[in-house]
Amino acid sequence: MRRLIILRHAKAEQVPGKQDRERALTDRGERDARRAGRVLGELGLVPDLVLCSPARRTRQTAELALAEFAPDATVYHERELYLAAPEELLAVVQRTDPDVGTLLLVGHNPGAHHLFLGLTGTSPEADPGFPTCAFAVVETEAAWEHLWPGEGRAVARWTPKQGAIPVP
């Protein structure tokens, strides 16, 4: 069984004229990232590998979350993950080493949310959304290289405002 944790970056500043890649987390974003890390730790979801977008807000989210539950995790900053479409995210996941059992992907919407919807076959109309710092955990029996839409099942969902969200 493999587990993919999809974590959207936490709340970031909106500064006119600032490059999108350089947007930093707000105070709320920093608090939410730490909380997400504590929840992942409580769920026992320690990643074997972390793939993170190189944007400042995703790097900060990963750093703060991992400090709470997996400070020694191996993190790769993949430029392909920056504002990636779900197909691009899936292609990166499919290249993951087969020995990785739990993979944490830290990225952006709408790609992160649509990756979750596609892998689990969840209808967008029935989904509560994927706000900043939300995460979803998808389990699959497929090898990473053979992971395709519809081959995963949601086992956990969480948002900073709602906490745990029931999964069907």
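These exercises work through a predicted model.

**Exercise 1. The sheet**

State the strand order of the sheet, and find which strands stand at its edges.

Solution.
- The sheet is open and has 7 strands.
- Their order is β3-β2-β4-β1-β5-β6-β7, and the pairing is mixed.
- β3 (75-77) and β7 (163-164) each have a single partner strand, so one side of each is left without a neighbour in the sheet. These two are the edge strands.

**Exercise 2. The β6-β7 pair**

Determine how β6 and β7 run and how many bridges join them.

Solution.
- Strand β6 covers residues 153-159.
- β6 and β7 run antiparallel, joined by 2 bridges.
- Within this pair, T159 faces G163 of β7.
- In general, strands of a sheet pair through backbone hydrogen bonds, in parallel or antiparallel fashion.

**Exercise 3. Helix α1**

Check the span of α1, then locate its buried side.

Solution.
- Start with the span. α1 has 16 residues, which at 1.5 Å a residue should span 22 Å. The end C-alpha atoms lie 23 Å apart, which agrees.
- Next, list the buried residues, those under 20% relative accessible area. In α1 they are G29, D32, A33, A36, G37, V39 and L40.
- They cover an arc of only 165° around the axis, so they sit on the same side of α1.
- The general rule: an α-helix has 3.6 residues a turn, so residues three or four places apart point the same way.
- Now turn to the face directed away from the buried side. The exposed residues D27 and E42 are there.
- Then find the packing partners. The buried residues of α1 pack against β1, α2 (56-69), β5 and β6.
- Place the helix on the strands. α1 (residues 27-42) lies across β1 (2-8), β5 (135-140) and β6, and runs at about 140° to β6.
- Finish with what comes after. G44 follows α1 and has a positive phi, near 70°.

**Exercise 4. Backbone in the loops**

Locate the cis peptide bond, then decide whether L83 and C133, both with positive phi, are buried or partly exposed.

Solution.
- The bond from N109 to P110 is cis, with omega near 5°. P110 belongs to the loop between β4 (102-107) and α4 (111-120).
- L83 is not a glycine, yet its phi is about 50°. It lies in the loop between β3 and α3 (86-94). L83 is partly exposed, at 47% relative accessible area.
- C133 is not a glycine either, and its phi is about 70°. It sits in the loop between α4 and β5. C133 is buried, at 0% relative accessible area.

Key
Residues are numbered from 1 along each chain as its sequence is written. This is a predicted model: local features need pLDDT of at least 70, side-chain atom pairs count only at pLDDT 80 or more; totals for chains, interfaces and linings use all residues. Side-chain values use heavy atoms; hydrogens and water are left out. Two strands pair if DSSP finds at least two bridges between them. Helices (H or I, at least four residues) and strands (E, at least two) are DSSP runs, numbered from the N terminus. Contact means heavy atoms within 4.5 Å. Axes are lines fitted to C-alpha atoms, for helices over the stretch in contact, and angles run from 0 to 180 degrees between N-to-C directions. Buried means under 20% relative accessible area, exposed over 50%, partly exposed in between (1.4 Å probe, protein chains only). The expected span of a helix is 1.5 Å times one less than its number of residues. The arc is that of the directions from the helix axis to the C-beta atoms.
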